[in-house]
Amino acid sequence: MSSKSPNKSDTEQSLMALINKMKEIDYIDPEIIPDIELYMDQVTTFMDLHLGACRRSDEEKVLTKTMINNYTKNDVLPPPNKKKYTKDHMCLMILLYYFKNVLSIDDIQKIFHPLKEKFYDDKNKSIGIDEIYAQIFTMEKKMTDKLTKDVLRRFQSSQEVFSNVTDEDEKDYLSRFAFICLLSFDAYLKKQMVERLIDETLSDLD
């Protein structure tokens, strides 16, 4: 064990630093998505610039050329128009970035297919991909504070569960482990719900 144990204040400060980092993880504002067609290098540069806070390390890439090409080959993304990507492409790629960290490629294909077929690049539709993305962005912004408060509540619960442990190093580790378990179980339940919603959505469309 180390000679100096982090106290509750240190742990709370560490959590607040994580939460502040979490607040940076955000959808890209629809207003800053270019309304002109972009080449691949411009797309990856834009994504790295605006989704950089989502990376776990500086070496991690947001979306590489290889990733984008593979998603296109697997019919997740529509093909570019003469090697250029539209605003609709950009909106789909931003959503894809978040989905790929949670869902299998098969599930992403399933949920993206109706989106592309019904709303992509068709001016006759009642609503387009860019408008759908804008509505999701607005909804997500409203939920950020609620999500932050929920994380804080879970942290407080994890601090109390091992309050009877006298060794401060062990208590700090067990409290962090409990916090990780709470967040992981929450993520697991939500992932299960998302997968079932995907299956039900596709069943309703058949």
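Throughout this tour, a residue is called buried when its relative accessible area is under 20%, exposed when it is over 50%, and partly exposed in between, with a 1.4 Å probe and protein chains only. The model is predicted, and for that reason local features need pLDDT of at least 70 and side-chain atom pairs count only at pLDDT 80 or more, while totals for chains, interfaces and linings use all residues. Residues are numbered from 1 along each chain as its sequence is written, and side-chain values use heavy atoms, with hydrogens and water left out.

**Helix 6**

Begin by selecting residues 129-161, which make up helix 6 (helices are DSSP runs of H or I with at least four residues, strands are runs of E with at least two, and both are numbered from the N terminus). The 33 residues of this helix should span 48 Å at 1.5 Å a residue, and the distance of 46 Å between its end C-alpha atoms agrees with that; the expected span is 1.5 Å times one less than the number of residues. Now centre the view on Met143, where helix 6 has a kink of about 35°, the bend at a residue being the angle between axes fitted to the seven residues ending there and the seven starting there.

Keep Met143 selected and add Met139 and Leu147, which together with it make a nonpolar surface patch of about 280 Å². Such patches are made of residues with over 30% relative accessible area and no salt bridge, where like charges are joined within 9 Å and nonpolar side chains (Val, Leu, Ile, Met, Phe, Trp, Tyr) within 5 Å; the areas come from the Shrake-Rupley method with a 1.4 Å probe, and for residues only the protein chains shown count as cover. Leu147 is partly exposed, because its relative accessible area is 43%. For the buried residues of helix 6, select among others Ile129, Ile132, Tyr133, Phe137 and Phe155.

**Aromatic pairs**

Which ring does Phe155 pair with? The whole structure holds 5 aromatic pairs, and in one of them Phe155 and Phe179 meet edge-to-face, at 5.7 Å centre to centre with 75° between the planes. (Rings of Phe, Tyr and Trp, the last by its six-membered ring, pair if their centres lie within 6.5 Å; planes under 30 degrees apart count as stacked, over 60 as edge-to-face and the rest as tilted.) Phe155 lies in helix 6 and Phe179 in helix 7, so the pair ties together parts that are 24 residues apart in sequence, and both residues are buried. Next select Phe185 and Tyr188, a stacked pair at 6.4 Å centre to centre with 25° between the planes; they are 3 residues apart in helix 7, and therefore separated by about one helical turn.

**Salt bridges**

The structure holds 11 salt bridges, each a side-chain nitrogen of Lys or Arg within 4 Å of a carboxyl oxygen of Asp or Glu. Select Lys65 and Asp41, whose side chains meet in one of 2.7 Å, N to O; this pair links distant parts of the chain, with Lys65 in helix 3 (residues 65-73) and Asp41 in helix 2 (residues 40-50), 24 residues apart.

Return to helix 6 for Asp150 and Arg153, which lie 3 residues apart, about one turn of the helix, and whose salt bridge is 3.6 Å, N to O. Asp150 counts as partly exposed because its relative accessibility is 21%. Extend the selection to Arg154, Asp186 and Lys190, which are linked with Asp150 and Arg153 in a network of salt bridges.
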